[in-house]
Amino acid sequence: MNNQSSGEAVQIANTYVEAIARKDVDTVISISADDIVCTSPRGRIVGTSKFREFHDGFARMLRKVTLLAIYGDDQHAVVVYNADTHPVANAMVAELFKVRDGKIVSTEVIYDAAPFSAYAATVQPR
């Protein structure tokens, strides 16, 4: 049994977090599989087009990302970060990544959506 790991998923997850911190959506998409599946409190999206929309929206409201922890191996990684956003300061986020052939094939995004919903309720529709 081979227990050695290059930590590929951890490396890719780290690249992902660094990219979102820079609001670099192109890099996020470049490390994502064409048929990526993203599940979050906002729902389930499939494919890089929808994933790009998801990250474009996040980048517009993002002020700062602070990486708190990252763990994993070649196929899975978990990251925990603090996202300081325009509507919600200090939103704690966790993501579980699955990686195959050097690309993120899925991510499960976990955060408390209640503060974001409360903020959205205060904003007048355009």
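**Reading the salt bridges**

Modeller: In this predicted model, the side chains of Asp26 and Arg52 meet in a salt bridge, with 2.9 Å from N to O. This pair joins distant parts of the chain, 26 residues apart: Asp26 belongs to helix α2 (residues 25-30) and Arg52 to helix α3 (residues 48-61).

Biologist: Why can side chains pair in this way?

Modeller: Side chains that carry opposite charge can pair when their charged atoms come close. For the case just described, the N to O value is 2.9 Å, and the cut-off is within 4 Å.

Biologist: Is Asp26 buried or exposed, and what is the relative accessible area of Arg52?

Modeller: Asp26 counts as exposed, at 53% relative accessibility. Arg52 has a relative accessible area of 30% and is partly exposed.

Biologist: How many salt bridges does the structure hold?

Modeller: There are 3 salt bridges in the structure. One of them pairs Asp24 with Arg22, whose closest N and O atoms lie 3.1 Å apart. Arg22 is exposed, its relative accessible area being 51%.

Biologist: Which residue meets Lys50 in a salt bridge, and where do the two lie?

Modeller: Lys50 meets Glu53, at 3.9 Å from N to O. Both lie in helix α3, and because they are 3 residues apart, about one helical turn separates Lys50 from Glu53.

Biologist: How should the accessibility of Lys50 and Glu53 be read?

Modeller: Lys50 is partly exposed, with a relative accessible area of 42%. Glu53 likewise counts as partly exposed, at 47% relative accessibility.

Conventions:
Residues numbered from 1 in each chain as written. Predicted model: local features only at pLDDT ≥ 70, side-chain atom pairs only at ≥ 80, totals over all residues. Heavy atoms only, no water. Buried < 20%, exposed > 50% of the residue type's maximum accessible area, 1.4 Å probe, protein only. Helix = DSSP H or I, 4+ residues; strand = E, 2+ residues; numbered from the N terminus.
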